[in-house]
Amino acid sequence: VFEGMFSTSMLAHAKGGWRGLTHYTLVDLWARQNESVYVRDSANVDDDVQEKRYRNTLKWVVEPNAPRVSVLRMLSVQAAAHFADQSLGFVYLDANHGYRALLDDMEAYYPKLMAGGMLAGHDYINLRAFGVIKAVREFTQARGLSFVLTDPPTGRYREPICCSGWYFFKPRAPGEPSTHSPRAAAEWECAAVFRVRAMQGL
């Protein structure tokens with residue numbers, strides 16, 4: 001969640017188009033984690049900074065959007081137990097980018113998705129410490145699914161910023177493509193752009 005910038009843009013976008021959104025849950029531990037289990041990441045900072053981020057998230061994201069936004073302050077894989085199977089329409093994973101950690105998250109949340117729901121994430125990039133590419137490929141291949149990569153978001157002058165996201169849909173029936181729905185893809189791309197603008201303060 002960090003400070004909820006992406007969540008803010010997603011919620012704003014939901015008001016304009018995702019009218020099926022009934023509740024939005026933010027999941028984050030907001031605590032420094034041991035680098036032996038948490039891949040090296042600039043977001044893994046000291047607890048005093050984490051606490052400030054948590055308070056800012058409550059102030060700027062949760063409170064203005066109550067009661068349809070709530071927080072689970074815990075590890076993402078632990079939070080999965082709080083959701084019933086086939087109850088979620090959209091899950092976005094951007095936590096520990098290590099291979100095993102992301103694979104565990106995907107395995108924990110895929111059963112929670114309703115048929116036709118979207119599982120998505122960020123940082124599909126080839127960095128030594130990151131295992132996103134391997135985890136996404138292995139997870140989808142093992143289930144006969146395909147996934148889509150978003151174009152890297154661009155800045156004010158169309159220069160690439162950061163890295164691609166990924167997403168796929170849980171098939172409604174055996175054999176249904178997992179990369180359907182151009183409208184959902186367009187909404188996802190739009191949300192990614194909003195995220196970058198929020199990060200840059202544009």
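## Working through a predicted fold

Helix 5 is followed by G144, which has a positive phi, near 70°. Keep in mind that this is a predicted model. Grab the structure and try these.

**Exercise 1. Describe the secondary structure of the protein chain and the order in which its elements come.**

Step 1: Count the elements. You should get six helices and six strands.

Step 2: Now walk along the sequence and write down each element as you meet it. The pattern reads α-β-α-β-α-β-α-β-α-β-β-α.

Step 3: Check how far apart in sequence the touching residues are. Take the contacts between residues at least 6 apart; 70% of them join residues at least 24 apart.

**Exercise 2. Work out which residues of helix 5 are buried and what covers them.**

Step 1: Find helix 5, which spans residues 132–142.

Step 2: Pick out its buried residues. They are V132, I133, A135, V136, F139 and T140.

Step 3: Look at what lies over them. The cover includes helix 4 (99–109), strand 4 (113–124) and strand 6 (164–169).

Step 4: Zoom out to the whole chain. Of its 202 residues, 43% count as buried. The chain also exposes about 11,000 Å², and carbon and sulfur atoms supply 54% of that.

**Exercise 3. Find the largest cavity and describe its lining.**

Step 1: Search the whole structure for cavities of 30 Å³ or more. One turns up.

Step 2: Note the space in the largest cavity, which is about 40 Å³.

Step 3: List the lining: L93, D94, A95, N96, H97, L102, H122, V132 and W166. You've met V132 already, among the buried residues of helix 5.

Step 4: Sort the lining by class. You get five nonpolar, three polar and one charged residues.

**Exercise 4. Decide whether S76 and T150 are buried or exposed, and say what each one meets.**

Step 1: Start with S76, which sits in helix 3 (residues 76–79). Its relative accessibility is 16%, so S76 counts as buried, because the cut-off for buried is under 20%.

Step 2: Look for its partners. Leaving out residues up to four places away in sequence, S76 touches V27, A95, D105 and Y109. A95 is also one of the residues lining the largest cavity.

Step 3: Move to T150, in the loop between strand 5 (148–149) and strand 6. With a relative accessible area of 4%, T150 is buried too.

Step 4: Check the side chain of T150. One of its polar atoms lies 2.8 Å from the backbone nitrogen of G165.

Technical notes. Residues numbered from 1 in each chain as written. Predicted model: local features only at pLDDT ≥ 70, side-chain atom pairs only at ≥ 80, totals over all residues. Heavy atoms only, no water. 1 Å grid on protein atoms, 1.4 Å probe; cavity = no way out; pocket = protein on both sides within 12 Å on 5 of 7 lines; lining within 4 Å. Points joined across faces, edges and corners; volume = space filled by probe spheres on them. Nonpolar A, V, L, I, M, F, W, Y, C, P; charged D, E, K, R; others polar. Buried < 20%, exposed > 50% of the residue type's maximum accessible area, 1.4 Å probe, protein only. Helix = DSSP H or I, 4+ residues; strand = E, 2+ residues; numbered from the N terminus. Contact = heavy atoms within 4.5 Å. Areas by Shrake-Rupley, 256 points an atom, 1.4 Å probe, with all protein chains shown as cover. Polar contact = N/O pair within 3.5 Å; in protein donor to acceptor, adjacent residues only side chain to side chain.
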